[in-house]
Amino acid sequence: MIRPTSITAHRFAISIAVACTLAALVQPRVEARQPNILLIFVDDLGWKDVGCYGNDFVETPHIDQLAAEGLRITNFYASGAVCSPTRCALQSGQNQARIGITAHIPGHWRPFERVITPQTTMALPLDTVTIAESLKASGYATGYVGKWHLGNGPEFQPNRQGYDFSAVIGGPHLPGRYRVQGQVPRQPKTGQYRTDFEADLCVDFMRDHQDEPFFLMLSPFAVHIPLGAMHEKVEKYRDKAMATGKDLPHPVYAAMIEHTDDMVGRLMATLDELKLAEDTLVVFTSDNGGLYKRYDYRESADDLVSSQNPLRGEKGSLHEGGIRVPLILRHPGKINAGTVSEEPTITHDFYPTFVELAEGELPRNQSIDGVSLVPLMTNSSSKLTRDALHWHYPHYHHDRPASAIREREWKLIEYLDGTGDVELYHLPSDISESENLADEKKGRTADLKRKLNNWRQTVSARMPIANPSYDADRAPEWWSMKTGKPIPSDQRKRFPPTEKD
């Protein structure tokens, strides 16, 4: 038998439980915070330049830790073979051929080659709705630090393209050689290397906006030439090269990569300190493939930089070495640690990805060519709904003018220099692009050529035309778009490799 006092206590306990349940039901729903987005967009970093992508010479512990804690994509591509086109695609969500920024700004040309290459648009148009503007509309604070390269005039800077905070930095890496444009809250310290200063600005921005969602794009000039790093790191890699017998990467370049890794480490430590790591998507990638040697290489002034072996080609080429780059995404609790995806993806995929995560809206009157990567972030074995990836690089640089298409495992490159040359590769079995199957697979070659041409027409891609001034003897001459004169390559001097030289 239950005593009355026990019955009363029992009923009281039930009442309390019911009351708590009802209280929970009527409590206002706490909305999940929109994720911060930190995009680290390295300049000229190649697919094989960091440890987690197979480099066994350069020490990149912080970048490798990012990969261990997140998703590494092995078939990620820069939208362009050089910087400005990829930056255009990132900001606009479009393949850059739509806008006409198909070469680095202002570019160069070869006036006596077989074809006249098209003029590139010299700035990102102000009527383009940038990723920063779309995220601002979703309540984000937006910041930009580093290299811009999408227009030189003050009216074309990041602060006119949706970025609340803009610190555009120009010039080489060594202390005292770079400069800051615009009003920024601090200046470089005496003797401060460029990536250290860029990290300072980013740390300040994250501290200032830790209580609201932010989008911060860090675009260091590293690891672009001219080669220059602090002497202690350079000496370490010179000794390591001597001990291992390695010729590439160049010891100064290896030191520059480690400087970049140090920068990444500082930013990750700041997210931890501010308790923002679980609220932040970190994206680490590059704007184009790695550099082997300068386009107008002179042994007296230049060094060989890096090798992307087994990938063929380098920056300025539509072979894999020129466009395949690292991509790491980390978001603790949202992306499984240590995962890998082989799905083909590209820079302009960031725009719809970031907008979806921000619960925002894509521009209504602007074509978006990218596809959201969110399915890969939740399931690395997912496949994206996309027909093909496309590139259009109708300029002379490290290779001839060309367009390319990748449709799943097949890739076709069509040269636009009047030769009619076409290359077809089966990438899963030939990542080095060493066996041209165009003659063997005539049907597939014709099909991909047709699809590539249809795409060029859809985006109104600007094409080279026959050059009536073609002169085989003078064809190798490089001319400057800035001066309208031949580039004086033979007058260049070697750049000091360290702050002590």
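Is helix 7 mostly covered or mostly exposed, and how many of its 23 residues are buried? Let's find out on a short tour of this predicted model, where local features need pLDDT of at least 70, side-chain atom pairs count only at pLDDT 80 or more, and totals for chains, interfaces and linings use all residues. Residues are numbered from 1 along each chain as its sequence is written, and side-chain values use heavy atoms, with hydrogens and water left out.

**Stop 1: helix 7**

Select residues 251-273. Helices (H or I, at least four residues) and strands (E, at least two) are DSSP runs, numbered from the N terminus. Helix 7 is mostly covered, with 18 of its 23 residues buried; buried means under 20% relative accessible area, exposed over 50%, and partly exposed in between (1.4 Å probe, protein chains only). From its first C-alpha to its last, helix 7 reaches 33 Å, close to the 33 Å expected at 1.5 Å a residue. The expected span is 1.5 Å times one less than the number of residues. Now click on Lys275, which follows helix 7 and has a positive phi near 60°.

**Stop 2: the open sheet**

Next, show the open sheet of 9 strands, in the order 8-7-6-9-1-10-11-2-12 and with mixed pairing. Strand 8 (179-181) and strand 12 (339-341) stand at the edges with a single partner strand each, so one side of each has no neighbour in the sheet. The twist averages 15° from one strand to the next. Two strands pair if DSSP finds at least two bridges between them. Select residues 165-170 to see strand 7, which pairs with strand 8 in the antiparallel sense over 3 bridges. One bridge to look for joins Ile169 to Val180 in strand 8.

Bring helix 7 back: it packs on the sheet, touching strand 1, strand 9, strand 10 (280-286) and strand 11 (327-330), and its direction makes about 175° with that of strand 1. Then add helix 3 (residues 83-92), which lies across strand 1 (36-42), strand 6 (141-146) and strand 9 (214-219) and runs at about 170° to strand 1. Contact here means heavy atoms within 4.5 Å. Axes are lines fitted to C-alpha atoms, for helices over the stretch in contact, and angles run from 0 to 180 degrees between N-to-C directions.

**Stop 3: aromatic rings**

Select Trp148 and Tyr163, an edge-to-face pair at 6.3 Å centre to centre with 80° between the planes. Both sit in the loop between strand 6 and strand 7, so the pair ties together parts that are 15 residues apart in sequence. Rings of Phe, Tyr and Trp (its six-membered ring) pair if their centres lie within 6.5 Å; planes under 30 degrees apart count as stacked, over 60 as edge-to-face and the rest as tilted. Trp148 is buried at 2% relative accessibility, and Tyr163 is buried at 3%. Add Phe76, Tyr144, Phe215, Phe350 and Phe354 to see the cluster that ring pairs link with Trp148 and Tyr163.

**Stop 4: strand 16**

Finish at residues 410-415, strand 16, where 6 of 6 residues are buried. Trp410, Leu412 and Glu414 are on one side, with Lys411, Ile413 and Tyr415 on the other. Strand 15 (residues 402-407) runs antiparallel to strand 16 and is joined to it by 6 bridges; look for Ala404 opposite Ile413. Strand 17 (residues 422-426) is also antiparallel to strand 16, with 5 bridges, and there Val422 stands opposite Glu414.
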